[in-house]
Amino acid sequence: MRGKKPRVALKYCGSCNPYIDFTTLKKRLIELQEELGFELAPFFETEIDVVVILCGCPRACANREEVRAVAKKSLVVSGYNIAGKPAPEEGLSAALKIELAAVLDSL
């Protein structure tokens, strides 16, 4: 990875049918910043390396081209799926860490 920490932004869906707890996942991302070596940045800023798209259900309505286009890479959480892979409720945070680490390593 380059010398500067990658910038990760969050984009939330409208939360009309949430299966998952967004607050828990955001807290986990805050905790992972130091461990994985990234910084959280507001979605509307420039120079975003990864956008984590948090969708409350499998419909993944926030996973749109214009959302993915704000960053070099994207990672989609859609209900109990992360990057298209099933993740049980009790393992959602752990799966998020694994998938985000893989995306960051690919930068």
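This is a conversation about a predicted model of one protein.

Trainee: What makes up the protein, in helices and strands?

Mentor: The protein has three helices and six strands. Along the sequence they run β-α-β-β-α-β-β-β-α.

Trainee: What makes the protein agree with a compact globule?

Mentor: Set the radius of gyration against the rule. For 107 residues, a compact globule would come out near 13 Å. The protein has 13 Å, so the value agrees. As for extent, the C-alpha trace spans about 40 × 30 × 20 Å along its principal axes.

Trainee: How much of the protein counts as buried?

Mentor: Of the 107 residues, 40% do. The exposed surface comes to about 5900 Å². Carbon and sulfur atoms supply 52% of that surface.

Trainee: What share of the contacts between residues at least 6 apart joins residues at least 24 apart?

Mentor: That share is 62%.

Trainee: How many side chains are positive and how many negative?

Mentor: There are 15 positive and 14 negative ones. The centres of the two sets lie 4 Å apart.

Trainee: Now single residues. Why is Leu92 called buried?

Mentor: The cut-off for buried is under 20% relative accessible area. Leu92 has 5%, so Leu92 is buried. Leu92 lies in helix α3, which covers residues 92–105.

Trainee: Which residues does Leu92 touch, leaving out those up to four places away in sequence?

Mentor: Leu92 touches Ile20, Leu25, Gly79, Tyr80, Ile82 and Ala87. As for Val77, its C-alpha is 9.2 Å from that of Leu92, with their positions 15 residues apart in sequence.

Trainee: How do you know that Cys55 is not bonded to Cys13?

Mentor: A disulfide needs two cysteine sulfur atoms within 2.5 Å. The closest cysteine sulfur to that of Cys55 is in Cys13, at 5.3 Å, so the pair is too far apart for a bond. Cys61 is in no disulfide either. For Cys61, the nearest cysteine sulfur is that of Cys13, 4.8 Å away. The structure as a whole holds zero disulfides.

Trainee: And what is a disulfide, in chemical terms?

Mentor: A disulfide is a covalent bond joining the sulfur atoms of two cysteines.

Trainee: Are Cys55 and Cys61 buried or exposed?

Mentor: Cys55 has a relative accessible area of 1%, so Cys55 is buried. Cys61 is at 32%. Partly exposed runs between under 20% and over 50%, so Cys61 counts as partly exposed.

Trainee: What makes Ser78 count as buried?

Mentor: Ser78 has 11% relative accessibility. The cut-off is under 20%, so Ser78 counts as buried. Ser78 sits in strand β4, residues 71–78. Leaving out residues up to four places away in sequence, Ser78 touches Cys55, Cys57, Pro58 and Ala60.

Trainee: What is notable about the phi of Ser15?

Mentor: The phi of Ser15 is near 60°. That is a positive value in a residue other than glycine. Ser15 is placed in the loop between β1 (7–12) and α1 (22–36).

Trainee: Why is Ser15 called partly exposed?

Mentor: Ser15 is at 31% relative accessibility, so Ser15 counts as partly exposed. Ser15 and Val70 are 55 residues apart in sequence. Their C-alpha atoms are 21 Å apart in space.

Trainee: Where is Glu47 placed, and what is its phi?

Mentor: Glu47 is in the loop between β2 (39–41) and β3 (48–55). Glu47 is not a glycine, yet its phi is positive, about 60°.

Trainee: How do you know that Glu47 is exposed?

Mentor: Exposed means over 50% relative accessible area. Glu47 has 56%, so Glu47 is exposed.

Trainee: What makes Lys27 exposed?

Mentor: The same test applies. Lys27 has a relative accessible area of 52%, so Lys27 is exposed. Lys27 lies in helix α1.

Trainee: How far apart are the C-alpha atoms of Lys27 and Ser93?

Mentor: They are separated by 9.7 Å. Along the chain, Lys27 and Ser93 are 66 residues apart.

Conventions. Residues numbered from 1 in each chain as written. Predicted model: local features only at pLDDT ≥ 70, side-chain atom pairs only at ≥ 80, totals over all residues. Heavy atoms only, no water. Helix = DSSP H or I, 4+ residues; strand = E, 2+ residues; numbered from the N terminus. Rg over C-alpha atoms; globule rule 2.2 N^0.38 Å. Buried < 20%, exposed > 50% of the residue type's maximum accessible area, 1.4 Å probe, protein only. Contact = heavy atoms within 4.5 Å. Areas by Shrake-Rupley, 256 points an atom, 1.4 Å probe, with all protein chains shown as cover. Lys, Arg positive; Asp, Glu negative; His and termini not counted. Charge placed at Lys NZ, Arg CZ, Asp CG, Glu CD.
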